[in-house]
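The following exchange asks on what grounds certain structural terms are applied. Please consult the sequence and the model alongside the answers.

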Amino acid sequence: MNRRTFLINAAAATAIATRAKELQAGKRKKKTVGIVGCGRMGQYYADVYRLLPDTELVAIAEWNDDRRPVVGKRFGVSALYKDVNSMLREVVPDIVAVITPTKFMKEAVIASAEAGVKGISTDKPIAARLSDADAMVDACVKNNVVFAGGNLQRAMWQVQHAARRLDAGEFGTRTGAAMHGFGGEISGGGCQHISVLRLFADAEVEEVIAWASPEEALQGETDEGLNINGRFRMTSGLECQVYGLTHTHGDKKNRSGVDLWTDDAMISWSWGPPKIFQGTDANGNRKEIDPHYPPHPEPGVVKGAGLGDSHYLVTSILSLLDAVETGSKLWISGHDLRQALEVAIACKLSAQLGNQAVKLPLKDRSLSLHPRPYRWLGGDAIGQPQTAEEASEKKS
Ligand SMILES: NC(=O)c1ccc[n+]([C@@H]2O[C@H](COP(=O)([O-])OP(=O)(O)OC[C@H]3O[C@@H](n4cnc5c(N)ncnc54)[C@H](O)[C@@H]3O)[C@@H](O)[C@H]2O)c1
């Protein structure tokens with residue numbers, strides 16, 4: 001471990017120790033939390049908020065009349081409401097987590113921001129229409145509310161750690177990037193890739209040129225099945241090659257993730273803690289090094305909520321709590337989700353215009369890209385409801 005890594009690890013350890021000390025000394029007041037939309041994903045949030053020492057789950061707004069009492073009983077919450085407005089008329093929690101299907105997120109985020117909630121989070125994708133995402137971000141800025149994103153890998157402890165080391169210059173100057181497996185659902189799932197790329201590059205995407213397949217997906221209204229190959233130019237001047245779900249090296253399926261390389265290193269994220277390569281081995285190949293990631297700050301909550309590898313839900317929530325308490329930077333924000341939607345829309349537009357370069361920010365904010373029906377409308381609306389039995393139990 002070199003001196004810079006040591007200092008970054010020490011800073012992470014100090015932040016955890018400070019939070020623990022402040023909690024013990026009663027310097028951090030418990031924050032009240034309301035969940036809006038307590039289906040499959042919302043139940044994971046409820047579990048985490050219930051287990052964290054500095055939060056208290058006080059209200060749930062859940063549309064489904066059968067599921068509402070079931071989740072109320074499971075999470076020990078008696079203040080139950082059908083929707084966000086009826087909740088806010090009686091309870092204004094410090095934090096509101098909006099985990100409805102995407103179509104209903106805008107109303108809940110704006111109503112919560114206007115009611116005086118201090119911190120709001122939503123999940124992915126944030127919206128279909130760019131102007132709706134703008135309205136959510138703007139309402140939070142106007143009302144001085146912290147607006148966080150949700151369960152995204154950008155908020156993974158190790159992803160953030162690797163980014164901090166890149167920012168500190170440990171690996172030298174950033175020289176290039178590649179995004180792999182950008183297809184299937186470029187807005188719904190692809191916002192994971194774009195959010196990590198922007199973090200590692202420490203820059204925004206300013207120009208997109210894209211080719212799309214298959215043709216039917218390009219003509220459709222949703223992102224379902226759309227595969228993108230192309231190139232992004234970042235505001236820092238960095239170029240990022242973009243590969244769809246498959247690219248031809250024979251029939252080999254490519255991986256999914258983001259690589260960012262510098263003069264002598266490469267940080268490689270592929271749906272888990274990033275690998276770090278530095279220097280070369282005896283054969284001249286890139287050499288993987290021990291990344292020395294510090295331990296997760298709340299392993300007990302990860303275990304208690306049955307999150308396994310999805311431990312980044314906990315760190316995304318901790319980052320929101322810290323941002324509300326101290327004004328620190330969010331690890332995943334509503335702004336990040338809006339930018340991801342915008343890049344996905346720009347990719348589709350570039351492909352539709354015969355692979356023309358499209359500049360960002362997009363001028364036409366009425367442009368939209370719908371996620372697949374499950375994400376847009378939820379399981380109940382598309383005939384995949386979660387049963388009462390499933391909602392009443394902890395997931396394995
Ligand atoms: N980040 C991730 O890894 C991840 C994973 C899965 C889902 N998601 C996202 O989370 C969101 C929810 O997905 P899910 O799997 O929990 O869906 P789900 O259908 O299981 O749950 C949605 C819940 O919201 C409730 N609801 C719908 N409209 C409402 C409203 N207006 N007010 C209050 N409650 C309302 C429904 O009754 C349902 O219980 C989607 O946007 C999805 O894309 C993210």
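The questions below concern salt bridges, accessibility and an enclosed cavity.

This is a predicted model, in which local features need pLDDT of at least 70 and side-chain atom pairs count only at pLDDT 80 or more, while totals for chains, interfaces and linings use all residues. Residues are numbered from 1 along each chain as its sequence is written, and side-chain values use heavy atoms, with hydrogens and water left out.

Q: Why is the contact between Glu22 and Arg28 called a salt bridge?
A: A salt bridge requires a side-chain nitrogen of Lys or Arg within 4 Å of a carboxyl oxygen of Asp or Glu. The N to O distance for Glu22 and Arg28 is 2.8 Å, so the pair meets the definition. Side chains of opposite charge can pair when their charged atoms come close.

Q: What makes Arg28 count as buried or exposed?
A: Buried means under 20% relative accessible area, exposed over 50%, and partly exposed in between, with a 1.4 Å probe and protein chains only. Arg28 has 9% relative accessibility and therefore counts as buried. Its partner Glu22 has 21% and therefore counts as partly exposed.

Q: How do you know that Lys106 and Asp132 form a salt bridge?
A: Their closest N and O atoms are 2.9 Å apart. The pair links distant parts of the chain, Lys106 in helix H5 (residues 105-115) and Asp132 in helix H6 (residues 130-142), 26 residues apart. Helices here are DSSP runs of H or I with at least four residues, numbered from the N terminus. Lys106, at 32%, is partly exposed, and Asp132, at 22%, is also partly exposed.

Q: Why is Asp167 called partly exposed?
A: Its relative accessible area is 44%, so Asp167 is placed in the partly exposed class. Asp167 forms a salt bridge with Arg174, with the closest N and O atoms 2.6 Å apart.

Q: What makes the space lined by Tyr45, Ser121 and Leu320, among others, a cavity?
A: On a 1 Å grid over the protein atoms alone, a cavity is a set of points where a 1.4 Å probe fits but cannot get out, and lining residues have an atom within 4 Å of a point. The search of the whole structure finds one cavity of 30 Å³ or more; volume is the space filled by probe spheres set on the points, which are joined across faces, edges and corners. Helix H11 gives the most to the lining, with three residues.

Conventions:
1 Å grid on protein atoms, 1.4 Å probe; cavity = no way out; pocket = protein on both sides within 12 Å on 5 of 7 lines; lining within 4 Å. Helix = DSSP H or I, 4+ residues; strand = E, 2+ residues; numbered from the N terminus.
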